[in-house]
Every structure is written in C-alpha cells, then in structure tokens.
Amino acid sequence: MFSYGSFKLFLLKVIFGLALVLFSSFLALSLITHNTNDPGIGKIGNYYEITNIFGFVGAITSSFLIKTLGALSALIVFYIFYVGTIFCLGLKIRFLLTKFIAAIASLVFFNFLLTLHKVSVIHAGLLSDFLLDVLTYYFQSI
C-alpha cells in the first residue's frame with residue numbers, strides 16, 4: 001500500500017503531493033470566489049475592489065480557467081487534488097500524465113458537445129469554441 005522507497009523519495013513525494021494539494025486548493029478557492037466584475041482575460045480597466053480571495057492573481061487565474069476550459073474546469077482542480085493526495089499517501093499511480101491529458105481532452109470534448117447542442121446553462125470554454133469553429137469551417141458538408 002504505502003511504497004515510498006527511500007527516505008529521500010519519501011520526502012520528495014510528500015513535498016510534491018503537498019504542493020499539488022496546495023495548488024489545487026488555491027485554484028478551487030479562486031474559482032469559488034470568481035466574480036465577473038474582477039479583472040481577467042479580456043477585461044481592461046482600473047479595478048479598485050477585487051472580490052476574489054487571492055486578489056489580482058486569483059482573479060486572473062480563475063478567469064483564465066473559466067475562459068479556456070469553461071465552467072467545468074473545477075473537474076481538473078479535483079483531479080490535481082486527487083493526484084496530490086495519492087502522492088502524499090505513497091500509493092502507486094501509473095500513467096499520470098496520460099490520465100491528465102485524457103481528463104483535459106474529455107473536458108474539452110464535453111464542452112464541445114454542450115456548445116454543439118447549444119446548451120447555455122453551462123459556459124463552455126474557448127478551446128471547445130475553437131474546436132467547433134475549426135470543424136464547421138473545414139467540414140461544412142457534415
């Protein structure tokens with residue numbers, strides 16, 4: 001169950017796992033306290049009161065995640081938290097990068113399907129909008 005290896009490897013895995021857990025906590029709190037009036041991607045101007053809990057950095061981060069991956073970007077945050085917890089516990093995990101790329105690709109594809117079916121309840125990201133534009137431009141007959 002717990003397979004850290006040597007003491008150096010134990011410290012490396014625990015520190016890396018804690019860093020991932022803290023990073024995912026930062027992302028989650030930034031997404032939770034996201035406000036559309038805060039500065040972000042595509043918004044220029046003077047902002048005197050930022051309501052995001054992490055200030056300007058949190059506002060930019062949450063805006064970037066929501067604009068690129070859509071409202072379902074919290075799933076990526078949960079995945080990062082999961083990986084960090086797995087590293088801290090010392091459990092073996094295989095194909096970590098492949099699973100992360102698959103999670104992002106499935107999120108973009110799901111947002112693409114939401115955009116394709118014109119579901120406006122959940123905001124889809126720019127990646128899925130870009131994919132839809134490319135497909136409609138190059139494959140007009142379909």
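Ile60 is found in helix 2 of this predicted model. Its relative accessible area of 27% makes Ile60 partly exposed, since buried would require a value under 20% and exposed a value over 50%. When neighbours within four places in sequence are set aside, Ile60 is in contact with Pro39 and Gly40. The C-alpha atoms of Ile60 and Leu29 are separated by 13 Å, with their positions 31 residues apart along the chain.

Thr61 is likewise found in helix 2, which covers residues 55–69. With a relative accessible area of 19%, Thr61 is buried, because the cut-off for that class is under 20%. Beyond the neighbours within four places in sequence, Thr61 is in contact with Phe26 and Leu27.

**Helix 1 and its partners**

Leu29 has its place in helix 1. A relative accessible area of 36% puts Leu29 in the partly exposed class. Residues up to four places away in sequence not being counted, Leu29 touches Ile53 and Phe54. Leu29 and Gly58 are 29 residues apart in sequence, and their C-alpha atoms are 8.3 Å apart in space.

Leu27 is in contact with Thr61, Leu65, Val77 and Ile80, leaving aside its neighbours within four places in sequence. The pairing of Leu27 with Thr61 thus appears in the contacts of Thr61 and in those of Leu27.

Phe10 also lies in helix 1. Its relative accessible area is 29%, and Phe10 is therefore partly exposed, the range for this class running between the 20% and 50% cut-offs. Phe10 and Ala124 are 114 residues apart in sequence and, C-alpha to C-alpha, 40 Å apart in space.

The C-alpha separations described for these residues are collected below.

| Residue pair | Separation in sequence | C-alpha to C-alpha distance |
|---|---|---|
| Leu29 and Gly58 | 29 residues | 8.3 Å |
| Ile60 and Leu29 | 31 residues | 13 Å |
| Phe10 and Ala124 | 114 residues | 40 Å |

**The nonpolar core**

Which residues have the most contacts inside the largest nonpolar core? They are Leu27 and Leu69, in a core of 16 residues. Two or more residues of this core are given by each of helix 1 (7–32), helix 2, helix 3 (74–89) and helix 4 (96–116). Helix 3 supplies the largest share, namely 6 residues.

**Positive phi values in the loops**

Phe95 is a residue other than glycine with a positive phi, near 55°. Its place is in the loop between helix 3 and helix 4. Phe95 counts as exposed because its relative accessibility is 55%, against a cut-off of over 50%.

Lys118, also not a glycine, has a positive phi of about 60°. Lys118 is placed in the loop between helix 4 and helix 5, the latter comprising residues 126–138. The relative accessible area of Lys118 is 71%, so this residue is exposed.

**The chain as a whole**

How many helices and strands does the protein have? There are 5 helices and 0 strands, and the pattern read along the sequence is α-α-α-α-α.

The radius of gyration of the protein is 18 Å, whereas a compact globule of 142 residues would have a value near 14 Å. Along the principal axes, the C-alpha trace spans about 55 × 45 × 20 Å.

Of the 142 residues, 31% count as buried. The protein exposes about 9,600 Å², and carbon and sulfur atoms supply 74% of that area. Among contacts with a separation of 6 or more, 58% are accounted for by residues 24 or more positions apart.

The protein carries 8 positive and 4 negative charges, and the mean positions of the two sets are 24 Å apart.

Terms used:
Residues numbered from 1 in each chain as written. Predicted model: local features only at pLDDT ≥ 70, side-chain atom pairs only at ≥ 80, totals over all residues. Heavy atoms only, no water. Helix = DSSP H or I, 4+ residues; strand = E, 2+ residues; numbered from the N terminus. Rg over C-alpha atoms; globule rule 2.2 N^0.38 Å. Buried < 20%, exposed > 50% of the residue type's maximum accessible area, 1.4 Å probe, protein only. Contact = heavy atoms within 4.5 Å. Areas by Shrake-Rupley, 256 points an atom, 1.4 Å probe, with all protein chains shown as cover. Lys, Arg positive; Asp, Glu negative; His and termini not counted. Charge placed at Lys NZ, Arg CZ, Asp CG, Glu CD. Core = buried A, V, L, I, M, F, W, Y, C linked by side-chain atoms within 4.5 Å.
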